[in-house]
Amino acid sequence: MSSSSPRHLHLGVDLTDVGAHAGVWRAEGPVAPRPFDAARLAGLVATAQHGLLDFALFDDAFTLRPQRGASLQGRLDAALVSARLAPRSAGIGLVATVDTTHTEPFHVSKAISTIDHVSAGRAAWQVGWSTDAASAAAFGRRPAPDEVDALREAEEAIEVVERLWDSWEDDAEIRDEATHRFVDRDKLHYVDFEGVHFAVKGPSITPRSPQGRPPVVVRADSPLSLDLAGRRADVVRVRATQRDDARAVREEVREIAREAGRDPDAVRVLVDLGAVVGQDRRSAQERLDLLAELGGDRGGLPEGGLTHVGTAVDLADLLEDWFDAGAADGFTLRPASLDTDLRAIVGGTVPVLQADGVFRQAYPGTTLRDSLGLPRPASRYAAAQ
């Protein structure tokens, strides 16, 4: 391992399935659903926070999904989960997926901005979209779009949401009791957006949040979504099983950003990584086999991505090897066993990375942008004036 690095490794953890309600159907009949466990959820976030991880991420969906073989699982609302955790955490970012296909951008902007206020600047929005018939049927509003149309709509939604976040200048709130004025009207701005999918006048009804614009996260698992991510995302999530492939994808993202007039150094590319951590590789593999036997081919790990089965120190070696090779700015970790593997990562992997000088010893500031090393953007409307 190298003793220093000109960049700083970023680590997030995917805690999507914590506290979700799952009902399992087997040949002998249904098994009672697992109840929501708020204490366990808060405890896992506290563990990740103790390890100084950049963020905890919560995905979302509008339909029941199979999980681990014969089970079906419904997810809790990711934005509401983040809102609950916001006043119960500190330092760590909270990334909530909100769908753009079936959610108006005005509501997206308000939800994420509210979380950013409550958390004092630790919210982020993972942009979601839906192309499945089941989600469309659940709303009954329109047929499911194809990927091209869904991503075009998602990009419009990002534009509208960011304009709404900018529609209040930083000092628009004056709270002048003598004149009974809460805001300076000259510092609120109509966004007046008219696109193919949305027409929004604005301004937002939520004051500008601590980060100005919470970071935008895009999972890029197709050429079209990779293009969207390079042009619009602050954090890009990718999947790769080989270091050279990941490096090529990262360079592609940076080039797309550059061509879009963005600073590629202000884009973070994170590789998804499933982790099974044991005292040695054999014990880790045995636990993965057991998890698979209990509920699925990969024990709940994401399909088609990088997987580590081994010790905490070996995981640190892998992370640092890919990081030093320019294959990733960091990783979004998916522990196979959320409690066991997250504790192993925080207690075993993080200290090695810290000793090698590639991971922080403390949170660098109070916001998620601080942790990610991203500048706070000015309101486009204030800048125009």
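**Exercise 1. Sort the residues that line the second largest cavity by class, and say which elements supply them.**

Solution. Begin with the residues themselves: in this predicted model, the second largest cavity is lined by Ser109, Ser113, Leu164, Trp165, Ser204, Thr206, Pro207, Arg208, Ser209 and Gly212. The elements that contribute two or more residues to this lining are helix H3 (105-118) and helix H5 (147-166), where helices are DSSP runs of H or I with at least four residues and strands are runs of E with at least two, both numbered from the N terminus.

Next, apply the classes, in which Ala, Val, Leu, Ile, Met, Phe, Trp, Tyr, Cys and Pro count as nonpolar, Asp, Glu, Lys and Arg as charged, and the others, Gly among them, as polar. The lining then divides into three nonpolar, six polar and one charged residues.

Finally, place this cavity in its setting: the structure holds two cavities of 30 Å³ or more, and the second largest has a volume of about 30 Å³. A cavity is a set of points on a 1 Å grid over the protein atoms alone where a 1.4 Å probe fits but cannot get out, and lining residues have an atom within 4 Å of a point; the points are joined across faces, edges and corners, and the volume is the space filled by probe spheres set on them.

Residues are numbered from 1 along each chain as its sequence is written. Because the model is predicted, local features need pLDDT of at least 70 and side-chain atom pairs count only at pLDDT 80 or more, whereas totals for chains, interfaces and linings use all residues, and side-chain values use heavy atoms, with hydrogens and water left out.

**Exercise 2. Describe how helix H9 (residues 312-324) packs on helix H10 (residues 338-355).**

Solution. First take the geometry: the two helices pack at an angle of about 50°, with their axes 8 Å apart, the axes being lines fitted to C-alpha atoms over the stretch in contact and the angles running from 0 to 180 degrees between N-to-C directions. H9 and H10 are therefore oblique to each other, since angles under 35 degrees count as roughly parallel, over 145 as roughly antiparallel, 65 to 115 as roughly perpendicular and the rest as oblique.

Then list the contact, meaning heavy atoms within 4.5 Å: H9 offers Ala312, Val313, Leu315, Ala316, Leu319 and Glu320, while H10 offers Ala344, Ile345, Gly348, Thr349, Val352 and Leu353. By class, this contact has nine nonpolar, two polar and one charged residues.

**Exercise 3. Which residues of H1 and H10 meet, and how are the two helices oriented?**

Solution. Helix H1 (residues 38-50) packs with H10 at an angle of about 15°, with the axes 9 Å apart, and that makes H1 roughly parallel to H10. On the H1 side the residues are Arg40, Leu44, Thr47, Ala48 and His50, and on the H10 side they are Leu338, Asp339, Leu342, Arg343 and Val346. Sorted by class, the contact comprises five nonpolar, two polar and three charged residues.

**Exercise 4. Locate the cis peptide bond from Gly202 to Pro203 and the positive phi of Leu52.**

Solution. The peptide bond from Gly202 to Pro203 is cis, with omega near 0°, and Pro203 lies in the loop between strand E12 (199-200) and strand E13 (216-219). Leu52, a residue other than glycine, has a positive phi near 65° and is found in the loop between H1 and strand E4 (55-58). As background, most residues other than glycine have a negative phi, and most peptide bonds are trans.

Key: On a 1 Å grid over the protein atoms alone, a cavity is a set of points where a 1.4 Å probe fits but cannot get out, and a pocket is an open set with protein on both sides within 12 Å along at least five of seven lines; lining residues have an atom within 4 Å of a point. Contact means heavy atoms within 4.5 Å.
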